[in-house]
Amino acid sequence: MKAEKENLKLSTAKNKKGSFKKVVTAAEYQLGKEMADAIVGVAKELEGDKEQIKADLVDKVASMKAPVAEHILEAPVKERDAVPKEPVNFSDLIGGMAVEKIAKARPQVKADTQYSRAGRVRGSLKDKVDNEPILASRRRRFAPDEPSVRAGLEESVPLGIFSDPASLRKAKPLLPIWEQMHQRDLQLAVMHPPSNIYEEMISWTNQGKLWKFPIDNEQGWEKEQNVPFSEHIFLDKHLQDWCPKKGPVRHFMELVCIGLSKNPHFTVEEKKEHILGYKNYFAGKSKLLKELGAV
Amino acid sequence: MNNMLKNTLKLIPSTLGICSNIMFQQLRTRWVDCRMIRDFKRRKCVVEYADERLRLRTILKNKVLPVAIREDARAMIMELPRNSHPYRTTYRCALTSRPRGNVKPFRMSRIVWRDLADHNRLSGVQRAMW
């Protein structure tokens with residue numbers, strides 16, 4: 001046993017006087033006397049390289065969370081100060097230690113404030129702040145809360161909103177823009193960008209950016225394609241019904257018709273509407289016109 | 001009761017957390033600023049009353065009709081809403097809403113125009129050199 005314990009020793013420390021003192025082995029320092037003994041016993045039982053087994057076990061146990069070895073705290077000063085030559089694995093050492101949770105003494109609260117709403121809120125907030133580590137609370141922020149009531153799909157009586165649920169599968173979804181975009185995507189998947197200038201110019205012509213051959217001056221004027229030019233020019237027929245044959249009003253309206261006939265930008269309907277507008281205006285002012293003697 | 005409170009209190013920090021995580025992006029709508037919106041409203045009004053104005057103006061400006069009728073037309077045209085006057089509109093830059101220094105055929109302010117021209121985004125625009 002003693003020989004095997006000595007095998008566990010990673011180093012020996014020499015006193016100033018030159019005599020060997022009983023030194024706490026690294027394993028005992030990390031894990032405790034009992035643990036070291038247990039490791040020795042296990043290594044004994046198992047077959048194979050015992051040194052390797054012991055080393056592995058020491059590593060394994062040291063990596064687990066374990067409290068600070070009691071015997072270190074209780075040991076006399078000399079033993080404690082005897083540091084092995086090889087550096088102690090501090091991460092293992094500290095990892096072995098657990099943080100002591102010191103229960104904070106809650107301040108004495110009066111009975112009436114403790115059970116008041118404010119008191120309860122304060123209490124619950126304190127519970128949250130003190131006891132839960134930061135990481136857990138952060139994790140919980142983004143994790144969904146468990147539902148308090150579990151709902152089953154087949155449990156309660158149906159509302160009966162849909163008379164024929166099977167037909168809903170055939171119903172079209174009300175996503176018109178989605179459909180349009182989908183169609184566009186399909187088109188773009190098939191279309192290729194123009195490989196040469198000819199294809200580019202073809203696409204421009206189709207878009208209406210370039211003149212088509214043979215040149216048609218009215219390219220792009222789809223509205224008035226079928227309307228003959230005579231309707232644009234001969235507008236006197238619209239004056240027949242209402243306009244007086246002589247006088248300043250007739251003179252004015254003839255000027256209007258000449259002007260409209262020379263205007264290429266208006267459609268025939270717009271010209272008719274203008275003439276009608278004048279008709280309504282003069283109909284409204286008929287009293288004034290009669291006074292003036294214009295009619 | 002305590003449990004309910006705890007549950008409600010759980011929600012508050014979570015929502016605050018989410019609010020603080022939202023990334024604020026540049027808001028790009030059709031209108032750059034309120035002046036642009038106002039200008040658009042004026043233009044809509046102009047379009048609405050355009051025909052009426054045209055007819056009344058022709059009656060106003062001609063010398064064929066008697067004076068009384070012309071005066072009457074003048075009164076009528078002044079009764080129309082102010083925003084139907086086309087000269088209340090401003091030719092603002094479409095991108096920055098700049099009221100002055102605009103290149104009219106492009107509907108842009110000179111600064112934006114220059115920037116786009118330098119980056120070859122304007123068809124047929126080239127640096128002058130002679």
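Trainee: Taking buried as under 20% relative accessible area, exposed as over 50% and partly exposed as in between (1.4 Å probe, protein chains only), which class does Met201(A) fall into?

Mentor: Met201(A) counts as partly exposed, at 38% relative accessibility, and its place is in helix α12 of chain A, residues 197-207. Helices here are DSSP runs of H or I with at least four residues, strands are runs of E with at least two, and both are numbered from the N terminus.

Trainee: What should I keep in mind about the model itself?

Mentor: It is a predicted model, in which local features need pLDDT of at least 70 and side-chain atom pairs count only at pLDDT 80 or more, while totals for chains, interfaces and linings use all residues. Residues are numbered from 1 along each chain as its sequence is written, chains are lettered from A and ligands numbered from 1 in the order in which they are written, and side-chain values use heavy atoms, with hydrogens and water left out.

Trainee: Back to Met201(A): which nonpolar patch does it help make?

Mentor: Met201(A) joins Ile197(A), Tyr198(A), Ile202(A) and Trp204(A) in a nonpolar surface patch of about 520 Å². Patch residues have over 30% relative accessible area and no salt bridge, with nonpolar side chains (Val, Leu, Ile, Met, Phe, Trp, Tyr) joined within 5 Å and like charges within 9 Å. A salt bridge would be a side-chain nitrogen of Lys or Arg within 4 Å of a carboxyl oxygen of Asp or Glu, and the areas come from the Shrake-Rupley method with a 1.4 Å probe, where for residues only the protein chains shown count as cover.

Trainee: And which residues form the negative patch?

Mentor: The negative surface patch is formed by Glu269(A), Glu270(A), Glu273(A), Asp51(B) and Glu52(B). The elements giving two or more residues to it are α15 (268-284) of chain A and α2 (34-61) of chain B, and α15(A) supplies the largest share, 3 residues. For charges, Asp and Glu count as negative and Lys and Arg as positive, with His and the chain ends not counted; each charge is placed at CG of Asp, CD of Glu, NZ of Lys or CZ of Arg.

Trainee: How accessible is Asp51(B)?

Mentor: Asp51(B), which lies in helix α2 of chain B, has a relative accessible area of 39% and is therefore partly exposed.

Trainee: What about Val268(A), buried or exposed?

Mentor: Val268(A), also found in helix α15 of chain A, has a relative accessible area of 4%, so it is buried. Leaving aside neighbours within four places in sequence, Val268(A) is in contact (heavy atoms within 4.5 Å) with Glu224(A), Val227(A), Glu231(A) and His232(A). Val268(A) and Glu224(A) are 44 residues apart in sequence, while their C-alpha atoms are 8.3 Å apart in space.

Trainee: Switching to chain B, what does Ile77(B) touch?

Mentor: Not counting residues up to four places away in sequence, Ile77(B) touches Arg53(B), Leu56(B), Arg57(B) and Leu60(B). Ile77(B) lies in helix α3, residues 67-79 of chain B, and is buried, with a relative accessible area of 9%.

Trainee: How many helices and strands are in each chain?

Mentor: Chain A has 16 helices and 0 strands, whereas chain B has 4 helices and 2 strands, following the pattern α-α-α-β-β-α along the sequence. Buried residues make up 19% of the 295 residues in chain A and 25% of the 130 residues of chain B.
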